[in-house]
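Let's take a walk through this one together, helix by helix and then out into the loops. Have the sequence and the 3D view side by side as you read.

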Amino acid sequence: MVVLVTGASGQLGNSLQYIAKKYPEIQFIFCSSSDLDITKKEDCQAVFSKIEPDFCINTAAYTAVDKAESEPEKANFINVIGARNLAEVCKDFGTTLIHVSTDFVFDGNKTTPYTEEDITNPQSIYGKTKLAGEKAIQEVFDDYFIIRTSWVYSQFGNNFMKTILRLAKERTSLSIVNDQIGTPTNAVDLAEVILTIIKSKITNPKSQVPFGIYNFSNEGQCSWYDFAKKILEVNNVNIDLQPIPTTSYPTPAERPKYSVLDKSKIKGTFNIEIRTWEESLKEKN
């Protein structure tokens, strides 16, 4: 079983590499953007021709949420054209595509967890390009799993957890938004779920596991302020932390005020238990 991972130098790509040794039955091929530029279809075709993967996990994405507002074309190239290129090549080679998307496809106006069937209405360039990428895949073929996730952090790359710990060393106080509600997602937990999906197909190749869109994050919900407070707590860091409204911290991109994801579908389909975000944060992998 050959699994190609794009965007291997990012958070999720690194997390997949971190746990790969636990899956000796899988031959992983990890490609960073320098190894495989998904915006170039010929690059995709060349790599697929060489390794003929059974699965492709696409973790490559333009994720600079605020910067995307001033670089819409670049975000579109990676998040839309790149996704379409992979879908088309996956179709040609009989490869199943597992594509990672985001809670930013929603506007955040709900007050209860979003299901996979809820109406999308992204408010940022990042969210719009990620939704367009989902649709591009769906237009090409049916053998895909699209996993929407939220607030991803890990020991790798740049993320909220690492930013908070860095700023805590540089400052005596921090002010963090407390009126945006969502769920942190440990990238290693996300990686494990993706490989659970793949294993289900390996174990039961003729199973009727439905392709489509699935939500995944850790369980529970919190504000960014709550998340920051817990990060400092589990790392035994003590500084002054103040909650502030979004209006006191304007950003180029609008973020959903509420983006908690309902995980009933993925839990039921793959028979998985999901850790709370607090439990997962304590391990920090």
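Start with a pair of helices. This is a predicted model, and in it helix α5 (residues 160–170) packs against helix α7 (residues 224–234) at an angle of about 65°, the two axes being 10 Å apart. Their crossing is right-handed. On the α5 side, the contact is made by Phe160, Met161, Ile164, Leu165 and Ala168, and α7 brings Trp224, Phe227, Ala228, Ile231 and Leu232. Sort those residues by class and you get 10 nonpolar, no polar and no charged residues in the contact of α5 with α7.

Stay on α7 for a moment, since Lys230 sits in that helix too. Is this lysine buried or exposed? Lys230 has a relative accessible area of 18%, and because the cut-off for buried is under 20%, Lys230 counts as buried. Leaving aside residues up to four places away in sequence, Lys230 touches Trp277, Glu278 and Leu281.

Trp277 comes up again if you move to Gly220, in the loop between β10 and β11 (222–223). With the same kind of sequence neighbours (up to four places away) left out, Gly220 touches Gly182, Thr183, Val260 and Trp277. Gly220 and Gly182 are 38 residues apart in sequence, yet their C-alpha atoms are 8.4 Å apart in space. As for accessibility, Gly220 is partly exposed, at a relative accessible area of 37%.

Now for helix α6 (residues 187–203). Its 17 residues, at 1.5 Å a residue, should span 24 Å, and the end C-alpha atoms are indeed 24 Å apart, so expectation and model agree. How much of α6 is buried? The count is 13 of the 17 residues, so α6 is largely enclosed by the rest of the structure. Have a look at the N-terminal end of α6 as well: Asn186 caps it, with a side-chain oxygen 2.9 Å from the backbone nitrogen of Val188.

Helix α4 (residues 125–140) can be checked in a similar way. It has 16 residues and reaches 23 Å from first C-alpha to last, close to the 22 Å expected at 1.5 Å a residue. Its buried residues are Tyr126, Gly127, Thr129, Lys130, Leu131, Gly133, Glu134, Ala136, Ile137 and Val140. What covers them? The cover includes α3 (72–93) along with the strands β4 (96–102), β5 (144–149) and β10 (212–215).

Finally, the loops. Two residues there are worth a look for their backbone angles. Glu52, in the loop between α2 (41–51) and β3 (55–58), has a positive phi of about 45° although it is not a glycine. Glu52 is exposed, at 55% relative accessible area. Asn236, also not a glycine, has a positive phi near 55°; you'll find Asn236 in the loop between α7 and β12 (240–244). Asn236 counts as exposed too, with 72% relative accessibility.

One more stop is Asp35, in the loop between β2 (27–31) and α2. Asp35 is partly exposed at 48% relative accessibility. Apart from residues up to four places away in sequence, Asp35 touches Phe30 and Val47. Check the distance to Thr6 as well: Asp35 and Thr6 are 29 residues apart along the chain, with 8.8 Å between their C-alpha atoms.

Key. Residues numbered from 1 in each chain as written. Predicted model: local features only at pLDDT ≥ 70, side-chain atom pairs only at ≥ 80, totals over all residues. Heavy atoms only, no water. Helix = DSSP H or I, 4+ residues; strand = E, 2+ residues; numbered from the N terminus. Expected span 1.5 Å × (residues − 1). Buried < 20%, exposed > 50% of the residue type's maximum accessible area, 1.4 Å probe, protein only. Polar contact = N/O pair within 3.5 Å; in protein donor to acceptor, adjacent residues only side chain to side chain. Axes fitted to C-alpha atoms, helices over the stretch in contact; angles between N-to-C directions. Left-handed = near helix turned anticlockwise from the far one by under 90°. Contact = heavy atoms within 4.5 Å. Nonpolar A, V, L, I, M, F, W, Y, C, P; charged D, E, K, R; others polar.
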